[in-house]
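Notebook open, model loaded. I want to go from the whole chain down to single residues and jot down what I find.

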Amino acid sequence: MKVLITGAAGLVGSHLAKRLARDHDVFALEHGALDITDRAAVHRCVADAKPALIFNCAVLQVDDCERDPVKAQAVNADGPRYLAEAASGVGAEIVQFSTQYAFQGEPVGRAPYVITDEPAPVNVYGKTKLIGEEAVHEVCARSHIIRTSWVYGSGKNSFLCTVYKDLKDGKRVRAIDDIWSSTTYVEDLIDRVMMIRRTGFYGTYHVVNTAICTYYEFALEAGRLLGLAHRELDSLIEITHERDMKRIAPRPRYTPLRCLLSEELGLPAMRDWREALAAYVKADLE
């Protein structure tokens, strides 16, 4: 099968490309190879490649969106529409990755968000990603929208990806304790997305590992997996709060996800976040 991946330099795109290249003919395109905000270039690229499946992993990140809403609209909303148009033109499927930031995140302690809950994003990133979802769904009948949250894996320099390494090396870390969500190990994300594709049922899915945590709880579990004692963890992990981070874009406080559609299709529950984190740490240390 011919597979086209946009945003292939990112965490999800790079892991997808590596995994799918084992069995498929993969066109892994970084921004320099294809600017998805260029409609003519997108249509030309897809028409030439004639993929059976397109994964859109290209994205403008949260704070960058708040700084530049025009660019956010172009990358997170217009680009997905162009890719969906091109996919429809060649009879391809498209998988559009989206986010828990589609939701407001209030109140803390509410039930996990499901696809029947009304989106209400609180930042430009969430708003433009939601517009992108709607565009893909509208333009291409053969589309999967995959909302996911706090994705981590090897090859990216982010808190969730590197906190266990920092703790292992005895470095102090700052961990936020007043934002809660679902976490998602990138390998589990890819496994579930490919499983969803095999069902042939198009729609919007929430793909995350089960249970809920804060960044602080995630860091504590990473330290526990390394065999660090409580005293060591207390000295290495500094608790901080979202309000003290002074980040440009507001973050929703409580955004765990649950996938009703997967349950209706009889797909097994994804593993608990602690189990997934243990698998990541083990794989990365080997």
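Before I place anything, a note on terms: helices and strands here are DSSP runs numbered from the N terminus, with at least four residues for a helix and at least two for a strand. That matters for T184, which I find in strand 9, residues 184-185. I also keep in mind that this is a predicted model.

**Entry 1: the whole chain**

I counted the elements to begin with, and the protein has 12 helices and 12 strands. Its radius of gyration is 19 Å, close to the 19 Å the globule rule gives for 286 residues, so I can call it as compact as a globular protein of that length. The C-alpha trace spans about 60 × 40 × 40 Å along its principal axes.

Next I checked burial: 52% of the 286 residues are buried. Of the contacts with a separation of 6 or more, 82% are between residues 24 or more positions apart. The protein exposes about 12,800 Å², and carbon and sulfur atoms supply 49% of that. I looked at charge too: the mean positions of the 35 positive and 39 negative charges are 2 Å apart.

**Entry 2: the cores**

In soluble globular proteins, nonpolar side chains tend to be buried together. With that in mind I went looking for cores. The largest nonpolar core here has 54 residues, and L16, F55, F97, I146, Y152 and L167 have the most contacts inside it. Helix 7 (residues 186-199) gives the most to this core, with six residues. A second, separate core has 20 residues, including L34, I54, A58 and A87.

Which residues does F55 contact, leaving aside its neighbours within four places in sequence? I get V3, L4, I5, T6, L16, L20, V95, F97, V193 and M194. Two of the names on that list, L16 and F97, are also among those with the most contacts inside the largest core.

I also went through helix 6, residues 159-168, where L160, C161, T162, V163, Y164 and L167 are buried. G170 follows this helix and has a positive phi, near 75°.

**Entry 3: T184 and L277**

Is T184 buried or exposed? The cut-off for buried is under 20% relative accessible area, and T184 is at 0%, so I put it down as buried. Setting aside residues up to four places away in sequence, T184 touches T148, S149, W150, V151, Y152, L189, V207, V208 and N209.

L277 sits in helix 12, residues 273-285. I log L277 as buried because its relative accessibility is 1%. With the same neighbours in sequence left out, L277 touches Y152, F218, E221, A222 and L225. I checked one pair by C-alpha: L277 and A222 are 55 residues apart along the chain, yet 7.3 Å separates them. Y152 turns up in the contacts of both T184 and L277.

**Entry 4: E264 and L265**

E264 lies in helix 11, residues 260-264. I have E264 as exposed, with a relative accessible area of 63%. Its C-alpha is 25 Å from that of A135, 129 residues away along the chain.

L265 is in the loop between helix 11 and helix 12. What does L265 contact beyond its neighbours within four places in sequence? The answer is T199, F201 and Y205. The C-alpha atoms of L265 and F201 are 8.6 Å apart, with their positions 64 residues apart along the chain. L265 is partly exposed, at 32%.

**Entry 5: backbone oddities**

Most residues other than glycine have a negative phi, and most peptide bonds are trans. I went looking for exceptions.

- E106 and P107 are joined by a cis peptide bond, with omega about -5°. P107 is in the loop between strand 4 (93-99) and helix 5 (124-139).
- A211 has a positive phi near 75° and is not a glycine. I find A211 in the loop between strand 10 (203-206) and helix 8 (215-225), partly exposed at 34%.
- K246, also not a glycine, has a positive phi of about 55°. K246 is in the loop between helix 10 (242-245) and strand 12 (254-255), and at 73% relative accessibility it counts as exposed.

Technical notes. Residues are numbered from 1 along each chain as its sequence is written. This is a predicted model: local features need pLDDT of at least 70, side-chain atom pairs count only at pLDDT 80 or more; totals for chains, interfaces and linings use all residues. Side-chain values use heavy atoms; hydrogens and water are left out. The radius of gyration is taken over C-alpha atoms; the globule rule is 2.2 Å times the number of residues to the power 0.38. Buried means under 20% relative accessible area, exposed over 50%, partly exposed in between (1.4 Å probe, protein chains only). Contact means heavy atoms within 4.5 Å. Accessible areas come from the Shrake-Rupley method with a 1.4 Å probe; for residues, only the protein chains shown count as cover. Lys and Arg count as positive and Asp and Glu as negative; His and the chain ends are not counted. The place of a charge is taken as NZ of Lys, CZ of Arg, CG of Asp or CD of Glu. A nonpolar core is a set of buried Ala, Val, Leu, Ile, Met, Phe, Trp, Tyr and Cys residues joined through side-chain atoms within 4.5 Å.
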